[in-house]
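Reader: I am in my first year and still learning how to read a protein model, so I would like to take one part of this one and look at it closely. Could you choose a single residue, describe its surroundings with care, and then work outwards from there to the rest of the chain?

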Amino acid sequence: MTDAVDPQPLGRLARPRLYEQLVEQLLGYIESARLRPGDLLPAERDLAERLGVSRATLAQALVALEVLGVIDVQHGTGAVLRHRASVASVIKGLREHRSRLPDIVEARSTLEVRLAALAAERRTDADLAAIDDALRTMQAEIDDGDRGAHGDELFHQAVTGAAHSPVMAQLMAFIGEMVLETRLESLAQPGRPEQSLVSHRGIAEAIRARDAAAAADAMQRHIELVSDVALLQ
């Protein structure tokens, strides 16, 4: 008679996060409705009512899908399907995204704070013009009801260019896709586009004044601001 072997104890299953549940339901809808790339999803109000969640909660789930490239949220149009993805691949992508957020913030702090200081020391009139153009673009987007993501991207590109550091510019380009993930998620937070624009203006003024220490400090505070992202539970 063989000795009895104690079975491995079973652990309690973790309840999926709300955003994962919402994402699963959204992907299920895309599948059942047989949507194809280029097709529009229903309006946010309609989707929120069907799912029994607030529009703010739904908006964060949609941003999660946008970050992963499943949909494209277009101002004035709505959420457009880019490609159909499996639930398993999307949930895996979401968890990987969440786990690397601290590393992205750390990389941005290391690179962009130094770039802001260098921009204050090395900027030209043409660099200031590019920075100002980016600020105007972001303001126009926000005034139009958009999140200002394009203007935000232009601003950080202009600051990087004003630093006149080719190697650091290459490093920023290398992490560009990961920074885009955080940009989309941050600007989806209520009131964040306006806060981010004010923060950008503070960085720009320090660069204009050739105050490297103030530019670095303003950029660090900006990264801390935009990294404060409320996660769905």
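Author: Let us begin with His-222, which has its place in helix α10. Please keep in mind throughout that this is a predicted model, and that the values below are computed from it.

Is His-222 buried or exposed? With a relative accessible area of 0%, His-222 is buried, because the cut-off for that word is under 20%. Which residues, then, does His-222 touch once its neighbours within four places in sequence are left aside? The contacts of His-222 are His-156, Ser-196, Ser-199, His-200 and Ile-203. To place some of these partners, it helps to know that helix α9 covers residues 192-208 and helix α10 covers residues 212-226, and that helix α6 covers residues 149-162. As a contrast to these contacts, one can take Arg-136, which is 86 residues away from His-222 in sequence and, from C-alpha to C-alpha, 18 Å away in space.

The loop between α9 and α10 deserves a look next, since α10 is the helix of His-222. Arg-210 lies in that loop, and its phi is positive, at about 55°, although Arg-210 is not a glycine. The relative accessibility of Arg-210 is 45%, so this residue counts as partly exposed.

A second residue with this feature is His-164, whose phi is positive at about 50° even though it is not a glycine. His-164 is found in the loop that joins α6 to α7, the latter running over residues 166-174, and with a relative accessibility of 42% it counts as partly exposed.

From His-164 we can step to Asp-127, because, with the neighbours within four places in sequence left aside, His-164 is one of the residues in contact with Asp-127. The others in that set are Arg-122, Gly-161 and Ala-162. Asp-127 sits in helix α5, which spans residues 125-143, and at 11% relative accessibility it counts as buried.

Helix α7, on the other side of the loop that holds His-164, contains Met-168. Met-168 is also buried, with a relative accessible area of 14%, and, if residues up to four places away in sequence are not counted, it touches Leu-111, Arg-114, Leu-115 and Leu-118. Of these, Leu-115 is a useful example of how sequence and space can part ways: it is 53 residues from Met-168 along the chain, while their C-alpha atoms are separated by 7.7 Å.

The opposite lesson comes from Asp-127 and Gly-76, which are 51 residues apart along the chain and whose C-alpha atoms are separated by 32 Å. Gly-76 belongs to the turn of a hairpin formed by β1 and β2, with three residues between the strands, and it has a positive phi of about 85°. Strand β1 takes in residues 71-74 and strand β2 residues 78-81, and the two pair in the antiparallel sense over four bridges. Within this pairing, Asp-72 has Val-80 in β2 as its bridge partner.

These places can now be set within the chain as a whole, which has 10 helices and two strands. Read from the N terminus, the order of elements is α-α-α-β-β-α-α-α-α-α-α-α. The domain assignment gives domain 1 as residues 18-93 and domain 2 as residues 99-231. The centres of the two domains, taken over C-alpha atoms, are separated by 28 Å, and where the domains meet, six residues of domain 1 are in contact with 10 residues of domain 2.

Finally, a few totals for the protein chain may help you to judge the setting of the residue we started from. Of its 233 residues, 43% count as buried, and His-222 is buried too. Among contacts with a separation of 6 or more, 74% are between residues 24 or more positions apart. Taken along the principal axes, the C-alpha atoms fill a box of roughly 80 × 55 × 25 Å.

Conventions. Residues numbered from 1 in each chain as written. Predicted model: local features only at pLDDT ≥ 70, side-chain atom pairs only at ≥ 80, totals over all residues. Heavy atoms only, no water. Pairing = 2+ DSSP bridges. Buried < 20%, exposed > 50% of the residue type's maximum accessible area, 1.4 Å probe, protein only. Contact = heavy atoms within 4.5 Å. Domains from an automatic or database assignment.
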